[in-house]
Every structure is written in C-alpha cells, then in structure tokens.
Amino acid sequence: MFKRIDLHTHSDCSDGVLSPAALAGLAALRGVELLALTDHDSVAGCEAARAACASARVRFIAGIELSCQWREREIHIVGLGLDVADVGLREHCAAVGTQRRERTEAITQRLARAGLPGPALAQIALAAPVPTRMHLARALVSLGIADSPQQGFDRWLNRGRPGYVAAQWPLLEAALRCIRGAGGIAVLAHPHRYRLSNGSLRELAAQFKAAGGEGIEVSLPGMAAADADRAASLARRFGLAGSVGSDFHEPDLPWRPLGRFAKLPDLITPIAARLEP
Ligand code: AMP
Ligand code: MN
Ligand code: MN
Ligand code: MN
C-alpha cells in the first residue's frame, strides 16, 4: 500500500506553476509514491507527467479537475484513472476551454471599464493553455496593479468586485458522464470549500453518488478537523471512498504542500485501492 499519496495537483497546463515534469520531480523529492495530475479542465500534461514519474519511480494516475454547477453553485469534481485519449473527455475540455477564453475576454473588458489595462491583461491570461482567473490574478501582479494574486482576487476578481463574471459551467451530471465515459473514478473535491449547510452538503453528496460518483476528498492540507469529520461522515453515509490530495499549485504556497496531509480517518476505504496505476 502506498504511504504517501497525492491525488490532487496542478501543473502549468492549467493554473499551477510547475511543468508536469517538474511536478513529478518535486513529488519524488517529497517521497510521494502515488501522484495524480488533476489540472483544471485539461489532461494536456498527463503524458509528460507520466513519463517523468516513470523515470522518477513515482506511480502516476492521469486525472483532471472539472468545474461544474450544482444548484447555481460551482462544484469541483476530480476524475482519476482517465483514458486521456477519450473523445468525450477531449470534447468536454475543448468546450470548457472555449468558455474559459470567452470568460477571460469578458472579465478583461469589465476591468478595462474600471480603468485597468484590459488588453494587456487579456494578452497575458489568454497565453495560458487553460485560462483561469488565477492567471488574471497573477497578471494583475505582474502589471503592478496588485501586490499578490490574493489581493487581485479580493480587489478585482471575486464576486461583487469590478471584474467578476459568473461562469456557466457544465452541470454536475455532465461532468460525471465525462469522467466515467473516459473510464475514470469521480471524486467530490474539497467539500468544505463550498460553504454549504450540512443538509445541502448531504444532498450534494447524495446526487453525486446517484450520478455515479465514487469518492470524496477527506483530507487536504489545512482542512479543519470539523470539516474533515464532516467529509468522513459523508464518505461513510454514502459509501464513498476517501481521497487525499494537496491541491498543490506552486512551491511558494507553503499551506498547500505537495504530498503532506493527515492520514485517512478510520473506516474509510482509500480511493487508491480502486486505482490501477
Ligand atoms: P477559475 O476556474 O477561472 O474561476 O479560476 C479559479 C482558480 O483560481 C482556482 O482554481 C484557484 O486556484 C484560484 N482561486 C479562485 N478563487 C480564489 C480566491 N478567492 N482566492 C485565491 N485563489 C482563488
Ligand atoms: Mn486552481
Ligand atoms: Mn478546486
Ligand atoms: Mn484544484
């Protein structure tokens, strides 16, 4: 059994800063034995990560993190063990990629109306293979408009701020169809970040399970004990396997360290047992 597992990480194929190969190298350095690359709405980095993991003797799982909507809220679903050549998966990523580029344009137009250099921001963010608001937040920093990406979000990009544009993500069921169609296992990502009441979170987990979801993240770095307990009890109640991951984006964010988090709570089936690297 693998002792150190990280099944939620990002590379520069979405909004992480390391290349897939550098991510694999860092994973090896940190003693990670089983690594999944789960870029936002993209599997573009999986082949390079797989190759680098093979030479670093890290077991690799091809994954993805899909943004989707459930009851007007944004929910993230991690897919693990994907056939990255699957046509349905490719089409889903292409369609979401188009939406992301359109949203980036719309955000920068709004920011331009607020007096910011919209075209320059658009140029930087649209150079990314999968443009996210994180790219815009970093562009705000590189152009000297914000001191940090977090400040960029807080002042310009978050809901209620001048550059906010709501996203029209695919529905939860569509995200699950996409992952399952590509032979993957669907995991409900970071349940504590949705600000849902206990009742709503149970309804989400029930609908996720009914649509074919198989796992839930129960341990991430910095997850409060009460949130971890809540996720673990959802796992038990709905027969979901427990997944663990750092949601690593960059080495400079010490609160999301690659491969470091609490152990799985008792009586939870580890998702890794269902994965064949
Ligand atoms: P998007 O999917 O385009 O909305 O971009 C979201 C990405 O930006 C997420 O995957 C996070 O990495 C990051 N992010 C989103 N909201 C915030 C926030 N309020 N503060 C810091 N980072 C955020
Ligand atoms: Mn991200
Ligand atoms: Mn997420
Ligand atoms: Mn993530």
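## A residue pair in the sheet

Let's start with a small detail: Ala 36 faces Ile 61, a residue of strand β3. This is a predicted model, and the pairing around these two residues is a good way into it. Strand β2, which covers residues 34-37, runs parallel to β3, and 4 bridges join the two.

Stepping back, the open sheet is built from 7 strands with mixed pairing, and their order is β1-β2-β3-β4-β5-β6-β7. At the edges sit β1 and β7, each of which has a pairing partner on one side only.

## The manganese ion, ligand 3

Strand β3 also brings us to a metal site. Glu 65 (OE), His 76 (ND1) and His 190 (NE2) coordinate the manganese ion (ligand 3), at 2.1 to 2.2 Å. Read along the chain, these donors fit the spacing E-x10-H-x113-H. Glu 65 belongs to strand β3 (residues 59-70) while His 76 belongs to strand β4 (residues 73-80), so this pair ties together parts that lie 11 residues apart in sequence.

Are these two donors buried or exposed? Glu 65 has a relative accessibility of 1% and counts as buried. His 76 also counts as buried, at 12%. Both values fall under the 20% cut-off for a buried residue.

## The manganese ion, ligand 2

Which residues hold the other manganese ion, ligand 2? Its protein donors are Asp 15 (OD), His 40 (NE2) and His 249 (NE2), at 2.1 to 2.2 Å from the ion. Here the donor spacing in sequence is D-x24-H-x208-H.

Two of these donors come from distant parts of the chain: Asp 15 sits in the loop between β1 (5-6) and α1 (20-29), and His 249 in the segment after β7 (241-244), with their positions 234 residues apart. The relative accessible area of Asp 15 is 6%, which makes this residue buried. His 249 is likewise counted as buried, at 5% relative accessibility.

## The two ions together

How far apart are the manganese ion (ligand 2) and the manganese ion (ligand 3)? The separation is 5.9 Å.

With both ions in view, it is handy to trace the donors back to the chain. On the ligand 3 side, strand β3 supplies Glu 65 and strand β4 supplies His 76, with His 190 as a further donor. On the ligand 2 side, Asp 15 comes from a loop and His 249 from the segment after β7, and His 40 joins them as a donor.

Note on methods. Residues numbered from 1 in each chain as written. Chains lettered and ligands numbered in written order. Predicted model: local features only at pLDDT ≥ 70, side-chain atom pairs only at ≥ 80, totals over all residues. Heavy atoms only, no water. Donors = N, O, S within 2.8 Å, 3.2 Å for Na, K, Ca; no water. Buried < 20%, exposed > 50% of the residue type's maximum accessible area, 1.4 Å probe, protein only. Pairing = 2+ DSSP bridges.
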